[in-house]
Amino acid sequence: MLAGPGISPENNDLAGLLDRYGVRDKVMLLGPSDGVAALMSAFDIHVLASRREAFPNVVAEAMACGTPCVATDVGDIGVIVGNTGCVVPSQDPDALSRAITNMALENRNSPSWETRQQACRNRVASDFSLERMARAYSALWERLSAKDLRTENDQERTIIW
């Protein structure tokens with residue numbers, strides 16, 4: 001399943017690639033979706049095969065739904081996934097394929113898989129919650145406002161938040 005803007009059967013370039021590799025009948029093109037939580041919860045494994053990212057929310061969203069991730073090591077992927085999924089080098093399709101296969105095999109072992117799913121949920125809840133983000137911003141603002149900031153010629157400056 002592929003979802004997002006431009007990810008539809010009407011996208012001739014994408015449809016052409018699917019035809020070229022003989023996988024059109026194996027791929028669902030969903031287009032934009034407001035039901036991200038329902039989609040993520042339906043997946044066994046979420047795969048992000050990006051070349052570049054900053055902080056891909058989609059990975060944290062999948063993990064919050066208990067869906068383990070296989071992702072390329074770009075941006076903050078390693079920080080988000082931690083030891084709850086698999087992080088592989090970017091632009092290494094063989095490593096990506098092996099990681100997906102290993103995760104799919106583990107999925108057959110229900111107790112191990114359930115433990116991994118719960119670890120995903122726990123990691124997002126503990127490390128990436130809105131409350132934690134708000135506390136981190138508040139602490140940053142307090143540190144910045146408490147500092148005696150000076151210019152190059154050592155004159156004080158006033159910063160208003």
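Helices here are DSSP runs of at least four residues, numbered from the N terminus. With that in hand, the predicted model can be toured pocket by pocket, ending with a patch on its surface.

Start with empty space. Rolling a probe the size of a water molecule over the atoms shows where empty space is left. In this model, the largest pocket holds about 1300 Å³. Its lining takes in 36 residues, and those nearest the centre are Met 1, Leu 2, Val 47, Leu 48 and Ala 49. Several elements chip in with two or more residues: strands E1 (2-3) and E3 (46-48), plus helices H1 (12-20), H2 (36-42), H3 (57-64) and H5 (93-107). The top contributor is H5, which supplies four residues. Sorted by character, the lining of the largest pocket comes out as 24 nonpolar, eight polar and four charged residues.

The second largest pocket has a volume of about 180 Å³. Around it sit Asp 127, Phe 128, Ser 129, Leu 130, Arg 132, Met 133 and Ala 136. Here H7 gives the most, again with a count of four residues. This lining splits into four nonpolar residues, one polar and two charged.

Now for the outside. Leu 130 and Met 133, both part of the second pocket's lining, also belong to a nonpolar surface patch of about 530 Å², together with Tyr 137, Leu 140 and Trp 141. Leu 140 lies in helix H7, which covers residues 130-146. So is Leu 140 buried, exposed or partly exposed? Leu 140 counts as partly exposed because its relative accessibility is 31%, and partly exposed covers the range between under 20% (buried) and over 50% (exposed).

Technical notes: Residues numbered from 1 in each chain as written. Predicted model: local features only at pLDDT ≥ 70, side-chain atom pairs only at ≥ 80, totals over all residues. Heavy atoms only, no water. Patch = residues over 30% accessible without salt bridge, like charges linked within 9 Å, V, L, I, M, F, W, Y side chains within 5 Å. Areas by Shrake-Rupley, 256 points an atom, 1.4 Å probe, with all protein chains shown as cover. Salt bridge = Lys/Arg side-chain N within 4 Å of Asp/Glu carboxyl O. Buried < 20%, exposed > 50% of the residue type's maximum accessible area, 1.4 Å probe, protein only. 1 Å grid on protein atoms, 1.4 Å probe; cavity = no way out; pocket = protein on both sides within 12 Å on 5 of 7 lines; lining within 4 Å. Points joined across faces, edges and corners; volume = space filled by probe spheres on them. Nonpolar A, V, L, I, M, F, W, Y, C, P; charged D, E, K, R; others polar.
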